[in-house]
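Q: Could you take me through this structure? I would like to begin with how two of its helices pack.

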Amino acid sequence: MASRLQEKLASLSESFPDRRLILLFLLNNSHRLHQCLQSEIEPWWSSLQLYAESLVTKVDGYMQSYLQVSWAPVLSCLFNPTPHFLGKNYSPLTRFESAFREAYITQKQWKVPDPELRKKLRTAIIEQIIPGYTKYIEENNITTPRLAPQELEEMLQDLFEG
C-alpha cells in the first residue's frame, strides 16, 4: 500500500509546471509517509521497516535534487563567466543577486509543513549558498555588497512558511 501511495505521489507531482515545486512536493510527502510508517511499524515487521528505510533514502535524494535544481544555478552565477549580451556585461554579483531574489520570492510562498524538515531544508540551502557567496565577496575584495551574508541567511530562514 505504501509503495502504491509513493507511485501515486510521483504521478501527481507531474501536474506541477515547475521542477523545483515537483521536488518539494515529493520531498514533503515522502517525508510525511516515512513519519507515518515509523509510527506504525512493529519491530518484527521487517519488510515494512526496509521500505521505511528506503523512504529515508528517497527523501534525501529529493532534497539533493531540489537543491541542485533550485539553488545550485543561483550560486553558479558567481563562478561561471557571463557571455556578453548585446554589448552588455553583467557582473557575476548582479546576476547572483537577481537569481537569488527570484528564487527567494518564488520559494518563500511554498510550504513545508513539517518543522523538522523545514529546518533541515533551510540549513541545507544556507550551507550551500552562504559559504560560496562569502568566498566570492572575499576573493573579489567586495567591501560593501548590497546584501551581506548575514542578510541572505536571515532571508533564507523565512523560506517555506507558505
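A: Certainly; please keep in mind that this is a predicted model. Helix 6 (residues 115-139) and helix 7 (residues 149-156) pack with their axes 10 Å apart, at an angle of about 165 degrees.

Q: What does that angle make helix 6 relative to helix 7, roughly parallel or roughly antiparallel?
A: Helix 6 is roughly antiparallel to helix 7, because an angle over 145 degrees counts as such.

Q: And which residues make the contact?
A: From helix 6, the contact is made by Arg 122, Ile 125, Ile 126, Ile 129, Ile 130, Tyr 133, Thr 134 and Ile 137. Helix 7 contributes Pro 149, Leu 152, Glu 153 and Leu 156.

Q: How do the residues of that contact divide by class?
A: In the contact of helix 6 with helix 7, nine residues are nonpolar, one is polar and two are charged.

Q: What is the handedness of the crossing, left or right?
A: Helix 6 passes helix 7 in a right-handed crossing.

Q: Staying with helix 6, is Arg 118 there buried or exposed, and why?
A: Arg 118, which is found in helix 6, has a relative accessibility of 13% and therefore counts as buried. The cut-off for buried is under 20%.

Q: What does Arg 118 touch?
A: Leaving aside residues up to four places away in sequence, Arg 118 touches Val 112, Pro 113, Leu 159, Phe 160 and Glu 161.

Q: New topic: how many helices and strands are in the chain?
A: The chain has seven helices and zero strands. From the N terminus on, its elements run α-α-α-α-α-α-α.

Q: How are helix 4 and helix 5 placed relative to each other?
A: The axes of helix 4 (residues 72-79) and helix 5 (residues 92-108) cross at roughly 170 degrees and come within 7 Å. Helix 4 and helix 5 are therefore roughly antiparallel to each other.

Q: Which residues are involved there?
A: Val 74, Leu 75, Ser 76, Cys 77 and Leu 78 of helix 4 meet Pro 92, Leu 93, Arg 95, Phe 96, Ala 99, Phe 100 and Ala 103 of helix 5. By class, this contact of helix 4 with helix 5 has 10 nonpolar, one polar and one charged residues.

Q: Finally, what about the chain as a whole: how much of it counts as buried?
A: Of the 162 residues of the chain, 41% count as buried. The accessible surface comes to about 9700 Å², and 55% of that belongs to carbon and sulfur atoms.

Q: And what share of the contacts joins residues 24 or more positions apart?
A: Among contacts in the chain with a separation of 6 or more, such residues account for 72%.

Notes:
Residues numbered from 1 in each chain as written. Predicted model: local features only at pLDDT ≥ 70, side-chain atom pairs only at ≥ 80, totals over all residues. Heavy atoms only, no water. Axes fitted to C-alpha atoms, helices over the stretch in contact; angles between N-to-C directions. Helix = DSSP H or I, 4+ residues; strand = E, 2+ residues; numbered from the N terminus. Parallel < 35°, antiparallel > 145°, perpendicular 65-115°, else oblique. Left-handed = near helix turned anticlockwise from the far one by under 90°. Contact = heavy atoms within 4.5 Å. Nonpolar A, V, L, I, M, F, W, Y, C, P; charged D, E, K, R; others polar. Buried < 20%, exposed > 50% of the residue type's maximum accessible area, 1.4 Å probe, protein only. Areas by Shrake-Rupley, 256 points an atom, 1.4 Å probe, with all protein chains shown as cover.
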